[in-house]
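Student: I would like to learn how to read a structure like this one, feature by feature. Could we go through it together?

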Amino acid sequence: VQLQASGGGLVQSGGSLRLSCAASGSIASIYTMGWYRQAPGKQRELVATITSGGSTNYADFVKGRFTISRDNAKNTVYMEMNSLKPEDMASYYCTAAIRARGRGIEDYWGKGTRVTVSS
């Protein structure tokens, strides 16, 4: 099982980006999916999560600006990021709780996608 994230890049303050993360491999079920971020010199922090049923949870610092969604048919989670601020600059990591075929539920992580916000 692999998670492949994409969509990071350079954007001006106030701009928008859309991150995507697709899960692939021998997947039986995908449960909660989410995004974390890590800025240089800081700890990784939760940004948003979404359950298989579509319930969402957001960190206070992105509420009203970021929207997480998923397409279960495509095994993909998205995050629409609007009104980006310089403090949003970080590497963003997707994660998912996945039951691979023949295995128990495990947490998988994608490689980070870098978001740079210029002021």
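Student: What share of the 119 residues in the protein chain do buried residues make up?

Tutor: Let us begin there, keeping in mind that this is a predicted model. A residue counts as buried when its relative accessible area is under 20%. In the protein chain, 41% of the 119 residues are buried.

Student: How many helices and strands are there in the protein chain?

Tutor: There are eleven strands and zero helices. Reading from the N terminus, the elements run β-β-β-β-β-β-β-β-β-β-β. The radius of gyration is 14 Å, close to the 14 Å that the globule rule gives for 119 residues, so the protein chain is as compact as a globular protein of that length.

Student: What does the C-alpha trace span along its principal axes?

Tutor: The spans are about 50 × 25 × 20 Å. You can set that beside the accessible surface of the protein chain, which is about 6300 Å², with 44% of it belonging to carbon and sulfur atoms.

Student: And the contacts: what percentage of those with a separation of 6 or more comes from residues 24 or more positions apart?

Tutor: Such pairs account for 54% of the contacts in the protein chain with a separation of 6 or more.

Student: Which cysteines does a disulfide join here?

Tutor: First the general idea: a disulfide is a covalent bond between the sulfur atoms of two cysteines. In this model the count is one disulfide. The partners are C21 and C94, with an S to S distance of 2.0 Å. C21 sits in strand β3 (residues 17-24) and C94 in strand β9 (residues 90-100), so the pair ties together parts that are 73 residues apart in sequence.

Student: Why is the disulfide of C21 and C94 right-handed or left-handed?

Tutor: Look at the torsion about the S-S bond: for C21 and C94 the value is about 50°, so the disulfide is right-handed. As for their surroundings, C21 and C94 are both buried.

Student: Let us stay with strand β3. Is L17 buried or exposed?

Tutor: L17, which lies in strand β3, has 15% relative accessibility and therefore counts as buried. Setting aside residues up to four places away in sequence, L17 touches G7, G8, G9, V11, M79, E80, M81, L84 and V115. Sequence separation and distance in space are separate readings: L17 and M33 are 16 residues apart along the chain, and their C-alpha atoms are separated by 19 Å.

Student: Where does N82 lie, and what is N82 in contact with beyond its neighbours within four places in sequence?

Tutor: N82 belongs to the loop between β8 and β9. Its contacts beyond those neighbours are G15, S16, R65 and F66. N82 and R18 are 64 residues apart in sequence, yet their C-alpha atoms are 8.6 Å apart in space. With a relative accessible area of 28%, N82 is partly exposed.

Student: I also check backbone torsions. Which value does phi of N75 take?

Tutor: Phi of N75 is near 55°, a positive value in a residue other than glycine. N75 is in the loop between β7 (66-71) and β8 (76-81), and at 24% relative accessible area N75 is partly exposed. S83 also has a positive phi, about 50°, although S83 is not a glycine. S83 is placed in the loop between β8 and β9 and counts as partly exposed at 41% relative accessibility.

Student: What does V1 touch, leaving aside its neighbours within four places in sequence?

Tutor: V1 comes in the segment before β1 (2-6) and is in contact with S24, G25, S26, I27, I98, A100 and Y108. V1 and I98 are 97 residues apart along the chain, with their C-alpha atoms separated by 8.4 Å. V1 counts as partly exposed, at 33% relative accessibility.

Student: Finally, how many positive and negative side chains does the protein chain have?

Tutor: There are 14 positive and 8 negative side chains, and the centres of the two sets lie 4 Å apart.

Terms used
Residues numbered from 1 in each chain as written. Predicted model: local features only at pLDDT ≥ 70, side-chain atom pairs only at ≥ 80, totals over all residues. Heavy atoms only, no water. Disulfide = S-S within 2.5 Å. Helix = DSSP H or I, 4+ residues; strand = E, 2+ residues; numbered from the N terminus. Buried < 20%, exposed > 50% of the residue type's maximum accessible area, 1.4 Å probe, protein only. Rg over C-alpha atoms; globule rule 2.2 N^0.38 Å. Contact = heavy atoms within 4.5 Å. Areas by Shrake-Rupley, 256 points an atom, 1.4 Å probe, with all protein chains shown as cover. Lys, Arg positive; Asp, Glu negative; His and termini not counted. Charge placed at Lys NZ, Arg CZ, Asp CG, Glu CD.
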